Amino acid sequence: MLKSELRKDIRERKRQFSNDQLREQSLPLIHVLLSHPRIQAAKVVLLYESLPDEVDTHDAIEQLCRQGKAVLLPVVKPQQEMELREYQGAQSMLEDEFHILEPTGPSFQDYARIDVAVIPGMSFDGEGNRLGRGKGYYDRFLRKIPSVYKIGICFDFQRVEHVPTETTDIPVDEVI
């Protein structure tokens with residue numbers, strides 16, 4: 001199956017659920033994530049501000065901050081690059097042109113401090129291969145932090161037997 005076909009298939013699967021149902025399905029996944037030993041031990045976590053059709057990370061971001069962890073969120077830059085900024089509360093978030101909430105504040109550049117990265121995806125397979133939305137933002141960024149432990153997170157219906165890959169695709173270490 002081609003990447004474009006798999007993306008279309010996953011979008012159709014997602015449409016079978018309301019946003020409320022997806023939020024409900026997110027709860028056990030976030031529970032597993034927050035109790036993960038690597039997340040528990042981490043001081044700096046790269047996470048993402050979820051879109052309505054992704055595993056809902058909003059409460060996880062707040063919980064990790066309350067635990068005293070630094071939570072980094074990506075900001076998409078015009079040159080098709082991702083920049084990281086530290087989350088500093090809901091009041092520090094602004095909506096971009098794609099209607100994605102992004103943190104304001106200074107760019108985070110000390111990549112060696114990142115303990116674990118939680119990565120969204122359209123689909124994952126058992127080998128940790130990830131299908132993104134097709135722009136390559138995460139794959140390009142993950143090359144900058146090759147030794148960071150990467151956890152993919154998705155709904156059960158997003159797991160497939162095989163995700164088609166290219167040499168530019170960066171797999172995750174495990175999938176929740």
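In this predicted model, the residues that line the largest pocket are a mixed group: 13 are nonpolar, 13 are charged and five are polar. Together they make up a lining of 31 residues, and the space inside the pocket comes to about 730 Å³. If you want to find the pocket in the structure, look for Arg130, Arg133, Lys135, Tyr137 and Tyr138, the lining residues that lie nearest its centre.

Several parts of the chain help to build this lining. Helix 1 (3-14), strand 2 (70-77), strand 5 (101-103), strand 9 (130-131) and helix 5 (137-142) each supply at least two residues. Helix 5 has the largest share, with four residues.

Now for the nonpolar interior. In soluble globular proteins, nonpolar side chains tend to be buried together. Here the largest nonpolar core holds 48 residues, and the members that touch the most others are Leu33, Leu47, Ile114 and Ile153. Among the elements that give two or more residues to this core are strand 1 (44-46), helix 4 (58-66), strand 3 (81-86) and strand 10 (149-153). Helix 2 gives the most, with five residues.

Which residues does Leu47 touch, leaving aside those up to four places away in sequence? Its contacts include Leu33, Ala60, Ile61, Leu64, Val71, Leu73, Val118 and Tyr138. Tyr138 is also one of the residues nearest the centre of the largest pocket.

There is a second, separate core too, made of six residues, including Leu6, Met122, Leu131 and Val163.

Strand 7 (116-120) is another of the elements that contribute to the largest core, and it deserves a visit of its own. Why is strand 7 described as largely enclosed by the rest of the structure? Five of its five residues are buried, so the rest of the structure largely encloses it. On one side of strand 7 sit Val116, Val118 and Pro120, on the other Ala117 and Ile119, and both faces are covered.

Strand 7 pairs with strand 1 and with strand 10, as the table shows.

| Strand pair | Sense | Bridges | A residue pair to look for |
|---|---|---|---|
| Strand 1 and strand 7 | parallel | two bridges | Val45 and Val116 |
| Strand 7 and strand 10 | parallel | five bridges | Ile119 and Gly152 |

To follow these pairings on screen, start at Val45, whose bridge partner in strand 7 is Val116. Then move along strand 7 to Ile119, which stands opposite Gly152 in strand 10.

Methods. Residues numbered from 1 in each chain as written. Predicted model: local features only at pLDDT ≥ 70, side-chain atom pairs only at ≥ 80, totals over all residues. Heavy atoms only, no water. 1 Å grid on protein atoms, 1.4 Å probe; cavity = no way out; pocket = protein on both sides within 12 Å on 5 of 7 lines; lining within 4 Å. Points joined across faces, edges and corners; volume = space filled by probe spheres on them. Nonpolar A, V, L, I, M, F, W, Y, C, P; charged D, E, K, R; others polar. Core = buried A, V, L, I, M, F, W, Y, C linked by side-chain atoms within 4.5 Å. Buried < 20%, exposed > 50% of the residue type's maximum accessible area, 1.4 Å probe, protein only. Contact = heavy atoms within 4.5 Å. Pairing = 2+ DSSP bridges.
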